[in-house]
Amino acid sequence: MTAREVVIPDIGDAEDVEVIELCVGPGDGVAVDGALIVIESDKASMEVPSPFAGTVTEIRVELGDHVNAGHVVALLEVTQEAAAARVVDDGAPEPGSATASVAAAPPPAAQPTPPAPSETVADGTDVYAGPAVRRLARELGVSLRDVRGSGPRDRIVKDDVKGFVKAAMQRGAPSAAPGLPRMPAIDFSRFGPVEAVPLTRIRNRGARNLHRSWLNVVHVTQHDEADVTDLEGFRRSLAEQDGDRGTRLTLLPFIVKACAENLAAFPRVCASLNPDADGLILKHYRHIGFAVDTEDGLVVPVLRDVDRKGVRALAAEIAELSERARAGGLTPDELSGGCFTVSSLGRRGGTGFTPIVNAPEVAILGVGRLDTKPRWNGTSFVPRAMLPLSLSYDHRAINGVEGGNFVLELTRLLADIRRLVL
């Protein structure tokens, strides 16, 4: 038998993901694709599978550890290699293979530690911190010159920034979020029975992301209604033709398809502000996220290249991603890369709501509950199927005229779906 190392696969743009579960221990047997550990990022949790069958000789991570791509997870005595289509002779993923999820490779050669990047501040001292730490500090509104580093050469690490924010919050200082007074602590048990229920990790991190977006994005919301009477009739006729075969066809894939078409006509809506907020990064792709409600919290899978797919294909992909989202089986790639988001409340939605922009995107569409309303046709009132739409956008990137025109054109597309083929 051969001893092989298993490492964390590519996890997209996620960094320092937390180990939340150890599925095996030393001496345990594991099959090909058997789960070794479970890790969780800000967006979702995922299993790290074994590319080999064999016996676990050593687990090299512990609960609560923060790991990145390439981090060694375990050492296995291998009895069976993974399929040749997924693993080549040296144990690395075959180039171009989309199914290779974990790479087993010999330990990387030791590399000299590069000097820590520095930032010269006004008082002439140097602040030593890496790019990830600087990004975290920017997101939390922390000046690195105020943080004391605990790393080599007083290098500032993420825990230093987090510790600084925690200490500031405990003493009531506004350093982490200037101008925001803290909510007072209230003993609600004085008024009756209470129960303290912690948020799940995904809900907790999602709440922080939404709060950060609300504080940093200049939100404006444009409301309108789309007359989808003809579209709804067309959708129902297709559903009747399909019967029990295939994927259930809802309004969502039609809405997503119309949004992709509309984004081509309004490129500023399909953009992100650059880090200095003085320019736009226009995206020439149409990856659209859609919100899925799960027991652990809201997650946003991303449909890629929506403009290149038909409505039926989108419906099948939405159903598959939604099911895997509720099962906690989405990969980081399936949760990243979106340029626009659709949040549809379906039958539970009301007449409108104000969705929070999923930064770094600059716009999000909220879809309310379909309702039948009387509409004047020039001679009489007739019943029409009306769909409430609410477009929230970052006013720094999109002005009111652009936002209004985007919504107006979207209502036209949904009113006559034939426009999508023009």
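Which residues does V342 touch, not counting residues up to four places away in sequence? Before the answer, some ground rules are needed: this is a predicted model, in which local features need pLDDT of at least 70 and side-chain atom pairs count only at pLDDT 80 or more, while totals for chains, interfaces and linings use all residues. Residues are numbered from 1 along each chain as its sequence is written, and side-chain values use heavy atoms, with hydrogens and water left out.

With contact taken to mean heavy atoms within 4.5 Å, V342 touches L252, I255, V256, C259, I288, G289, F290, A291, L365 and V367. One of these partners, L252, has its place in helix α5; helices here are DSSP runs of H or I with at least four residues, strands are DSSP runs of E with at least two, and both are numbered from the N terminus. L252 in turn touches F290, I318, V342 and S344, again not counting residues up to four places away in sequence. The C-alpha atoms of L252 and V367 are separated by 9.1 Å, although these two residues are 115 residues apart along the chain. L252 has a relative accessible area of 16% and is therefore buried, a word that means under 20% relative accessible area, whereas exposed means over 50% and partly exposed lies in between (1.4 Å probe, protein chains only).

V342 also leads to the largest nonpolar core, which has 55 residues, and in which I255, I288, F340, V342, L365 and L414 touch the most other members. A nonpolar core is a set of buried Ala, Val, Leu, Ile, Met, Phe, Trp, Tyr and Cys residues joined through side-chain atoms within 4.5 Å. Among the elements that each supply at least two residues of this core are α4 (229–242), α5 (252–265), β18 (340–344) and α7 (400–415), and the largest share, eight residues, comes from α5. Apart from this core lies another, of 22 residues, including V17, V48, V61 and V67.

The aromatic rings come next, and a search of the whole structure finds four aromatic pairs. Rings of Phe, Tyr and Trp (its six-membered ring) pair if their centres lie within 6.5 Å, and planes under 30 degrees apart count as stacked, over 60 as edge-to-face and the rest as tilted. F234 and F254 form an edge-to-face pair, at 6.3 Å centre to centre and with 70° between the planes, and this pair links distant parts of the chain, since F234 is in helix α4 and F254 in helix α5, 20 residues apart. F234 counts as partly exposed because its relative accessibility is 38%, whereas F254, with a relative accessible area of 3%, is buried. W376 and F381 also form an edge-to-face pair, at 5.0 Å centre to centre and with 65° between the planes, and both of these residues are exposed. Ring pairs also link F266, F340 and F406 into a cluster.

Strand pairing can be followed through β8 (residues 72–80), which runs antiparallel to β1 (residues 2–7) and is joined to it by six bridges. Two strands pair if DSSP finds at least two bridges between them. The partner of A3 in β8 is E77. Six bridges also join β8 to β6 (residues 53–59), again antiparallel, and here G54 has V78 as its bridge partner in β8.

Taken as a whole, the protein has seven helices and 21 strands, and 40% of its 422 residues count as buried. Among contacts between residues at least 6 apart in sequence, 60% join residues at least 24 apart.
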